[in-house]
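Colleague: Hi! Could you walk me through this structure, starting with the surface and then going inside?

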Amino acid sequence: MNKANKQKTVIRNILLATPFIVALFTNALSLEANDLVGKVILTMVVGAWFMLASWMKLRSIKSVFENIYVIYGLMFFAYAIIGCTVFILDNMTPRFYYFRITQSSLAETITLYINILCIYAIVCFITNTIKPLAINIKEQKNRYNINNKAIIFFSILALIASALNIYNVVSSGSFLALSTSAKRGIINNEFSHYINLFILSYSLLIVYISIINKKAPRLVVIIPILLFWATVLTCERRMFVTLLIGIALIAILSVKKIRLKYGILAVIVALALLSIGAIRDNITLKNHSFNDVLYSSTTEFYCTFMISNAYIVDEHELQYGKTYALDTITKALPREIYKNKPEDLSVQFMNEYKTNVGFAYNPVAEGLLNFGKASQLIVPIIMIAICKFAVSLSKRNPIYYATVYMFALDFFRGAFSNMAFDIAFCCIIIACLLYAAKNKGERNDN
């Protein structure tokens, strides 16, 4: 890129970032502190401009979907807007009373979300990180073979892992008669989590190599995947959605462009997945109000946002980065080895506020817990660091980029330490599987 083009790019990026700067000042100076409706409208404007500005930079549906910076921005926007919107539609009445939820406290909470989103967007556009990614998945074609003896060995390990998971389910007694939360407790206990991550990594790799080689795997390679996910889907869809995100990204990376109809289809699928919660509880427009259906379909967003509100309402002893550093390190140690291993932040929150069920945690609440209001600077930095890490891994192999990308939802609905451990564990497993799947010539080159 010559000097003139660089200058044009810089000027364009500044122009695209300017509305976010204006939104920051509007949020701070022009809106009343408790003007929740005004702040929700401002959030919608910021989110809409982020989508439009990203489109103006990327110019294709494919580039938008595969860009992790854009996806993180859009997901943050979704978690910022839905909770307050449902609260407003409910005539400013909360859905539960575990802690104080008022128009004023939510206005203060969404103020923080607006600032984080604006700062994140400003940095992304000013530094020119939102741009088409140079990820060529076709370069990996014919480098790997998922039907070789080494992968068959790993498929046997996967089959054993799936059998252990099924054994945990069967040994619990009448599994189908248990509540959904009880089933999840069996599927997602500390030991089972390692199995889940192994099968998740194995599933992603098998799909990845099948797509790049355009060759189906043997049945012995597929059976462990089918057994595992058939068991998990009886009560848990979150990890399966994580896998679907990874598979969708790999499919996107493998094509030249995406037609508009497929983009629309992706949105419809996302909405369908959200509605599962309401359908499962038999909450429909026939027997409930629109607000009830909306709440039941978006409970994850509503409850997750309200945790941030709780940390706005109540002061907590600041952790100054402990949950990011120490909790991430100790996450890898089983509780049998490290007796004082910290409980997940969601469990701590549940115990503190005596909720009936664990709420999904979120990066804003964790930022508040660690750094208070300074989190509006820290959280955007963490988001950008994760995205940069993903892009840097893509240079080694696109599957690593897909691994970080697919855990985006886990970042926005959980503690940082959980996501960081899961990504690290999966990347290590995938590195071993990639080496096992390499053709002899490729392996000798290393």
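Modeller: Happy to! Keep in mind that this is a predicted model. On the surface, Phe-153, Ile-156, Leu-157, Ile-160, Leu-164 and Phe-191 form a nonpolar patch with about 560 Å² of accessible area together.

Colleague: Nice. Which helix gives the largest share of the nonpolar patch?

Modeller: That is helix H6, residues 149–170, with five residues of the patch. Ile-160 is one of the residues placed in helix H6.

Colleague: And why does Ile-160 count as partly exposed?

Modeller: Its relative accessibility is 47%. Partly exposed covers the range between under 20%, which is buried, and over 50%, which is exposed, so Ile-160 falls in the middle class.

Colleague: Got it. Let's switch to pockets. What is the volume of the second largest pocket?

Modeller: The second largest pocket has about 290 Å³. It is lined by 17 residues, and the closest to its centre are Ala-134, Ile-135, Val-391, Ser-394 and Lys-395. Helix H17, residues 375–394, gives the largest share of that lining, with three residues.

Colleague: How many residues of each class are in the lining of the second largest pocket?

Modeller: Seven are nonpolar, five are polar and five are charged.

Colleague: What about closed spaces? How many cavities of 30 Å³ or more does a search of the whole structure find?

Modeller: The search finds two. The largest cavity holds about 80 Å³ of space, and its lining includes Asp-327, Lys-331, Pro-342 and Ser-417. By class, the lining of the largest cavity has three nonpolar, two polar and five charged residues.

Colleague: And what is the volume of the second largest cavity, and which residues line it?

Modeller: The second largest cavity has about 40 Å³. Phe-76, Tyr-79, Tyr-113, Thr-304, Asn-362, Pro-363, Val-364 and Phe-412 line it. Two elements, H4 and helix H16 (363–371), each give two or more residues to that lining. Six of the lining residues are nonpolar, two are polar and none are charged.

Colleague: Changing topic: which residue has a positive phi of about 60° although it is not a glycine?

Modeller: Asn-91 is one, with a phi of about 60°, and Asn-128 is another, also at about 60°. For background, most residues other than glycine have a negative phi.

Colleague: Where are they, and is each one buried or exposed?

Modeller: Asn-91 sits in the loop between helix H4 (68–89) and helix H5 (103–126), and at 65% relative accessible area Asn-91 is exposed. Asn-128 lies in the loop between H5 and H6, and Asn-128 counts as buried because its relative accessibility is 19%, while the cut-off for buried is under 20%.

Colleague: Last topic, then. How many salt bridges does a search of the whole structure find?

Modeller: There are eight. In one of them, the side chains of Glu-66 and Lys-62 meet at 3.1 Å, N to O. Glu-66 and Lys-62 are four residues apart in helix H3 (residues 61–66), so about one helical turn separates them. Both Glu-66 and Lys-62 are buried.

Colleague: Which salt bridge has a distance of 3.0 Å, N to O?

Modeller: Glu-108 and Lys-373 meet at that distance. Glu-108 is in helix H5 and Lys-373 is in the loop between H16 and H17, so the pair ties together parts that are 265 residues apart in sequence. Glu-108 is partly exposed at 34%, and Lys-373 is partly exposed at 44%.

Colleague: And which residues are linked in a network of salt bridges?

Modeller: Asp-90, Arg-95 and Asp-292 are linked that way.

How values were computed:
Residues numbered from 1 in each chain as written. Predicted model: local features only at pLDDT ≥ 70, side-chain atom pairs only at ≥ 80, totals over all residues. Heavy atoms only, no water. Patch = residues over 30% accessible without salt bridge, like charges linked within 9 Å, V, L, I, M, F, W, Y side chains within 5 Å. Areas by Shrake-Rupley, 256 points an atom, 1.4 Å probe, with all protein chains shown as cover. Salt bridge = Lys/Arg side-chain N within 4 Å of Asp/Glu carboxyl O. Buried < 20%, exposed > 50% of the residue type's maximum accessible area, 1.4 Å probe, protein only. 1 Å grid on protein atoms, 1.4 Å probe; cavity = no way out; pocket = protein on both sides within 12 Å on 5 of 7 lines; lining within 4 Å. Points joined across faces, edges and corners; volume = space filled by probe spheres on them. Nonpolar A, V, L, I, M, F, W, Y, C, P; charged D, E, K, R; others polar.
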